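Please look at how charged side chains pair in this model, and then at how its nonpolar residues pack. Short questions and answers follow.

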Amino acid sequence: MCTRNYGAAQVDVLPEVIAPGVFRLELTLTFPAERDPFAFDLENEPTVLVAFRGKNIIRTTNPVQAGTSLQVQPLQHVVEGNDEQSGGNEFYFEILAGEDSSVARGVRFRIFRDEQVVVDRTAWSHPGEPVRGTVNLVILAPPETEHAPEDPSIDRD
Amino acid sequence: MRNFVFPAFAWACLLTPLQANNVPRRVIVCSTTQTADFARQVVGDRWQVKSVLASGEDPHLHQVTANDSKLVATADLCIENGWHLEGKDWMRTLAEDERKPLVTCTEGIKPEQFNEADELVSDPHAWFSPQNASIYVRNIQKAVCQIDPDHQSDYEARTRLYLDQLRTLHLWIQRQFNSIPANRRILVTSHDAFNYFCKAYKFQAAAPLGWSTGAETGAGLTPERRQATIDSIRNSGVKTIFVETSVNPRLIREIAKEAGVEIGGQLYSDSMGKTGTAGETYLGMMRENVLTIVGTLK
């Protein structure tokens, strides 16, 4: 009989380091965000919703005109790290496309750090569907300044 | 004959997790197969969902039996379509007799209405528009949450997913019908069940049997309506007409013969397909109907 031992996986809670700098989010709609007949709550469903790390940072139930730029400044609690796990800043967005929505919709999603663009992405919906998805901003921690001990196996001439 | 002993552990395997935990499940009793499917999408396995009508049965003509009363007696919640789809409001009567709460799925929908003999009749086949189906689902979800608020977030999450699926269905249907030129979008069926569907996807509808197969105002077959259907088939140049799974096909076959057109296939109308068929769910039923229509009309 074949047996297999399953060791308890060790999961480390990674410490969070707030990334330096001033961050700003800018969301530009290329279409009017309107109520959706297939929404869960017809009256109170947000036409535009952006959540950052689980908290809503933009939420409106009113129609939003095409071309409107929605901004969050300063964007707080942006963390840094080495990868998406430790330095991942996940945004979830959902923009309703209204009743007459048989074409694909686009939303431009830009994040600035000290007024320099660090993310510039346009998200597209399937025709007629809300624009929804996630954007991940990874802020890499600066390399450590301490010298690592030299590897004796490497020859240095 | 060899006896087959079904081992106890096999019975245990057949039990759902909730039953295995000895938690009695609440019961929803629905009038039709469509409303039962919507209810299942909202409650998952947490409730037992039962339907008075089986696949292929006609809600307009259903005669209530003692078994129906027994079934409704087990319910924590009853669900009807409303607008007299259930001939003589049999589901409402059953629920009232057993003093069970009742949800009317069509509540909040803007009805398509006919003026028949100075009486305004609301067409009850509202589920044929996926947008209306979303209202059915929301009505069921609200009622379920009132009875079982502890699991509200589960019901909401399932409902949200299903509403997304309804939206996808709607967009898919639009895309499919795009291949049928506007002047060929004429749907001739046994009874007037497809008005919401035709309105949503810009078809013209014609049917010899009126809005119900029963004997209500504006329902059933009249010689005038029969002749009008044949005339409209001839005048419009329609080549194909459709029978329905829950209506006797004899009449539409006669009309097809008389008008010189073919039967294009069978559409699910007041009832969904049997378990194991492509039409056993609302999404499947709509998908199969659309494919049947597109396959013959384009």
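Q: Is B:Lys199 buried or exposed?
A: The model is predicted, so local features need pLDDT of at least 70 and side-chain atom pairs pLDDT 80 or more, while totals for chains, interfaces and linings use all residues. Residues count from 1 along each chain as its sequence is written, chains are lettered from A in the order written, and side-chain values use heavy atoms, without hydrogens and water. Buried means under 20% relative accessible area, exposed over 50%, and partly exposed in between (1.4 Å probe, protein chains only). At 54%, B:Lys199 is exposed.

Q: Which side chain meets B:Lys199 in a salt bridge?
A: A salt bridge puts a side-chain nitrogen of Lys or Arg within 4 Å of a carboxyl oxygen of Asp or Glu. B:Lys199 lies in helix 8 of chain B, and its partner sits 87 residues away in the loop between strand 4 (102–104) and strand 5 (113–116). Helices (H or I, at least four residues) and strands (E, at least two) are DSSP runs, numbered from the N terminus. The N to O distance is 3.1 Å, and the partner is B:Glu112.

Q: Which residue forms a salt bridge with B:Asp164?
A: This pair crosses between chains, from helix 7 of chain B to strand 10 (residues 131–138) of chain A. The closest N and O atoms are 2.8 Å apart, and the partner is A:Arg132.

Q: Is B:Arg226 buried or exposed?
A: B:Arg226 in helix 9 (residues 223–236) pairs with B:Glu258 in helix 10 (residues 250–259), 32 residues apart. B:Glu258 is partly exposed at 39%. B:Arg226 has 19% relative accessibility, so the residue counts as buried.

Q: Which helix of chain B gives the most residues to the largest nonpolar core?
A: A nonpolar core is a set of buried Ala, Val, Leu, Ile, Met, Phe, Trp, Tyr and Cys residues joined through side-chain atoms within 4.5 Å. The largest holds 55 residues; B:Phe177, B:Phe197, B:Tyr282 and B:Ile293 touch the most other members. Elements giving two or more residues include helix 7 (152–177) and helix 11 (282–297) of chain B. The top contributor, with eight residues, is helix 6.

Q: Which residues does B:Phe197 contact, leaving aside its neighbours within four places in sequence?
A: Contact means heavy atoms within 4.5 Å. B:Phe197 is among the core members that touch the most others. Its partners are B:Phe128, B:Phe177, B:Leu187, B:Met286, B:Val290 and B:Ile293.
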